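Me: I'd like to learn how to read nonpolar features in a protein model. Could you walk me through this one?

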Amino acid sequence: MPDAEFREYVKNEFDIDEDNKLSQDERNDADLIFFFSGNVSDMTGIAYFPNIESLYCQYLHLTSL
């Protein structure tokens with residue numbers, strides 16, 4: 001994931017076993033991304049989460065998604 005702040009969010013929220021890697025199960029279990037504010041400008045990594053049902057990404061520096 002190119003954006004360091006988004007990468008840190010993903011690590012904190014979805015790396016359940018804290019091994020600094022996202023297993024397929026951890027990625028599959030993620031169904032909500034709630035990132036309300038920050039300096040995130042690239043959420044390219046969202047493609048790794050096939051089961052996202054809700055995405056909240058207000059007040060970020062995104063130009064595309």
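Reply: Happy to! A patch is made of residues with over 30% relative accessible area and no salt bridge (a side-chain nitrogen of Lys or Arg within 4 Å of a carboxyl oxygen of Asp or Glu); like charges are joined within 9 Å, and nonpolar side chains (Val, Leu, Ile, Met, Phe, Trp, Tyr) within 5 Å. This is a predicted model, where local features need pLDDT of at least 70, side-chain atom pairs count only at pLDDT 80 or more, and totals for chains, interfaces and linings use all residues. Residues are numbered from 1 along each chain as its sequence is written, and side-chain values use heavy atoms, without hydrogens and water.

Me: Which residues form the nonpolar patch on the surface?

Reply: Leu 32, Phe 34, Phe 36, Tyr 56 and Tyr 59, with about 550 Å² of accessible area together (Shrake-Rupley method, 1.4 Å probe, only the protein chains shown counting as cover).

Me: Is Phe 49 buried or exposed?

Reply: Buried means under 20% relative accessible area, exposed over 50%, partly exposed in between (1.4 Å probe, protein chains only). Phe 49 has 4%, so Phe 49 is buried. Phe 34, at 46%, is partly exposed.

Me: What makes up the largest nonpolar core?

Reply: A nonpolar core is a set of buried Ala, Val, Leu, Ile, Met, Phe, Trp, Tyr and Cys residues joined through side-chain atoms within 4.5 Å. Here the largest has eleven residues, including Phe 6, Val 40 and Phe 49.

Me: Which residues does Phe 49 contact, beyond its neighbours within four places in sequence?

Reply: Contact means heavy atoms within 4.5 Å. Among the partners of Phe 49 are Val 10, Phe 14 and Ile 33. The C-alpha atoms of Phe 49 and Phe 36 are separated by 18 Å.
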